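Colleague: Please take a close look at one part of this model for me. I would like the buried polar side chains and the helix packing in one connected account.

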Amino acid sequence: NVLYLKREKRNWFLNSHWNPQRAAEIYAGRYEIRLYEVYFMFGFSDGKHIRELRKKCDDTNRIVVCEPNMKIFALACHLYDLHDILSDDTIIIFFSELEKNFEGLIQEIVDYTRVKLLDFCILPGYDVLYHEECEKYVYKVIDVIKEKGHEVTL
């Protein structure tokens, strides 16, 4: 089973429908992990991308996942065993439609020791399906960093 959304008479798959596990491994392979780095991930999908990125990380890293659609998350929890992700203290999951104190959350996570150790990870399909929410997420993180007096380069 691969999660998808139907929009404009088209099915938008949130992972590869040929080999979801391999697609998640390739995706995680793009990131060179550094100690204490924080990965701001946009999208949860089936959790495979998060799991594969986490395998590369150690306990100094943090993965902050913003899921814009609670229904997708609920369906993923129903269809897949996500216990390892949901019980991992280095993974923070929040829902953009519910988070009232997003800036406070980011300020807590990005202290002065981590401000130059950040990366953005946008899951396939989410950049198209949730373009505005994705931009808002990225720019909100950047704004918090700039408020701390640091430059940001993407």
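Modeller: One cut-off comes first: buried means under 20% relative accessible area. Keep in mind that this is a predicted model.

Start with D88. This residue sits in the loop between α4 (83–86) and β5 (91–95). Its relative accessibility is 16%, so D88 counts as buried. The D88 side chain has a polar partner: the side chain of R54, at 2.7 Å.

Now N15. This residue lies in the loop between β2 (10–13) and α1. N15 has a relative accessible area of 6% and is therefore buried as well. Its side chain reaches a backbone atom, the oxygen of P20, at 3.4 Å. Leaving out residues up to four places away in sequence, N15 touches V2, L3, P20, A23, S45, D46, K48 and H49.

Several of those neighbours lead straight into a helix pair. Two packed helices are described by the angle between their axes and the distance between the axes. For helix α1 (residues 20–29) and helix α2 (residues 48–56), the axes come within 8 Å and cross at roughly 45 degrees. The two helices are therefore oblique to each other. The crossing of α1 past α2 is right-handed. On the α1 side, the contact uses P20, Q21, A23, A24, E25, Y27, A28 and G29. On the α2 side, K48, H49, E52, L53 and K56 take part. By class, the residues of this contact are six nonpolar, three polar and four charged. P20 and A23 of α1, with K48 and H49 of α2, belong to this contact, and N15 touches these four residues too.

A second helix pair can be read in the same way. The axes of helix α5 (residues 102–109) and helix α7 (residues 131–147) come within 10 Å. Their crossing angle is roughly 60 degrees. That makes α5 oblique to α7. The handedness is right-handed here. From α5, the contact draws on F102, E103, I106 and Q107. From α7, Y137, K140, V141, V144 and E147 contribute. The residues in this contact divide into five nonpolar, one polar and three charged.

To recap: D88 is buried and pairs with R54 through side chains. N15 is buried and reaches the P20 backbone oxygen. The α1 and α2 axes cross at roughly 45 degrees, and the α5 and α7 axes at roughly 60 degrees.

Notes. Residues numbered from 1 in each chain as written. Predicted model: local features only at pLDDT ≥ 70, side-chain atom pairs only at ≥ 80, totals over all residues. Heavy atoms only, no water. Axes fitted to C-alpha atoms, helices over the stretch in contact; angles between N-to-C directions. Helix = DSSP H or I, 4+ residues; strand = E, 2+ residues; numbered from the N terminus. Parallel < 35°, antiparallel > 145°, perpendicular 65-115°, else oblique. Left-handed = near helix turned anticlockwise from the far one by under 90°. Contact = heavy atoms within 4.5 Å. Nonpolar A, V, L, I, M, F, W, Y, C, P; charged D, E, K, R; others polar. Buried < 20%, exposed > 50% of the residue type's maximum accessible area, 1.4 Å probe, protein only. Polar contact = N/O pair within 3.5 Å; in protein donor to acceptor, adjacent residues only side chain to side chain.
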